[in-house]
Amino acid sequence: MRIFLKESFVSKRLIWVLGALMGVLLVGTAMAEDYKIGFVNTEKLFREATPAKRAQQKLEKEFAARDAELQKLSKQVQALQTALDKDGTTMADDARRDKERELANQSRDLQRQQREFREDLNLRRNEELGGLQDRANKVIQQIAETEKFDLILQEPVVYASKRIDITDKVIKALSEGKDNKDGK
């Protein structure tokens, strides 16, 4: 068993050394040619692009009624809690238990509805952002081909200089509808 471990260690070390050697060779080759590299800040894209803003407004409009209903229910639960805190000590035991039971039921309903709201909102947001991501990828591809980029990266990237950041170009192209869609 010790022999197997030593052979495995030697094999891993040999693979690592060969990988490092290949990396050095590739870096040398990469220095011989100039590459055009770009970077897209996805977070900024989803925050500032006109289609992203329209999607956010669409979601707000779609979920406004449910949000208002949740706010109303939340205020009712708070009012019931306040009334119970204020008058609970002077109430008859049966009346207090009924109020506590009513508060518990309403609190449970509120929590359930809030959870369902968040799940539905997240699902719809993911649908909208997925469609926007597809459109953005098409725009990025068009920019890459038009401007002859060799590589375009998206997040997560540890660091990207402003010199290679093409996010604003993508936002502008999406806002102008240059993704072969009518911009709606």
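**Group meeting: a helix kink, a patch and some salt bridges**

Okay, let's start with leucine 151, which lies in strand S2, residues 151-154. Before going on, what we have here is a predicted model, so local features need pLDDT of at least 70 and side-chain atom pairs count only at pLDDT 80 or more, while totals for chains, interfaces and linings use all residues. Numbering runs from 1 along each chain as its sequence is written, and side-chain values use heavy atoms, with hydrogens and water left out.

Back to leucine 151: it counts as partly exposed because its relative accessibility is 40%; the scheme is buried under 20% relative accessible area, exposed over 50%, and partly exposed in between, with a 1.4 Å probe and protein chains only. Leu151 joins Tyr35, Ile37 and Leu153 in a nonpolar patch on the surface, with about 330 Å² of accessible area together. For the patch rule, residues need over 30% relative accessible area and no salt bridge; like charges are joined within 9 Å, and nonpolar side chains (Val, Leu, Ile, Met, Phe, Trp, Tyr) within 5 Å. Areas are Shrake-Rupley with a 1.4 Å probe, and for residues only the protein chains shown count as cover.

Zooming out, the chain has five helices and two strands, in the order α-β-α-α-α-β-α along the sequence. Those are DSSP runs numbered from the N terminus: H or I with at least four residues for helices, E with at least two for strands. Of the 184 residues, 25% are buried. The chain exposes about 13,800 Å², and carbon and sulfur atoms supply 55% of that. On contacts (heavy atoms within 4.5 Å), residues 24 or more positions apart make up 82% of those with a separation of 6 or more.

Now helix H3. How far apart are its end C-alpha atoms? They are 53 Å apart, which agrees with the 56 Å expected for the 38 residues, 50-87, at 1.5 Å a residue; the expected span is 1.5 Å times one less than the number of residues. H3 also has a kink of about 50°, centred on alanine 64, where the bend is the angle between axes fitted to the seven residues ending there and the seven starting there. Among the buried residues of H3 are Leu59, Phe63, Leu70 and Leu73, and the buried set packs against helices H2 (42-48), H4 (93-146) and H5 (167-175).

Last bit, charges. Side chains of opposite charge can pair when their charged atoms come close. The rule wants a side-chain nitrogen of Lys or Arg within 4 Å of a carboxyl oxygen of Asp or Glu, and the count comes to 16 salt bridges.

In H2, arginine 47 is a nice one to click on. Its side chain meets glutamate 43 at 3.4 Å, N to O, the two being four residues apart, about one turn of the helix. Arginine 47 also meets glutamate 48, at 3.6 Å. Glutamate 43 is exposed because its relative accessible area is 54%, whereas arginine 47, at 46%, is partly exposed. Glutamate 48 is partly exposed too, at 32%.

Over in H4, arginine 96 bridges to aspartate 93, with the closest N and O atoms 2.7 Å apart; these sit three residues apart, again about one turn. Both are partly exposed, with arginine 96 at 25% and aspartate 93 at 44%.

And one to finish on: Lys58, Glu62, Arg124, Glu127 and Glu128 are linked in a network of salt bridges.
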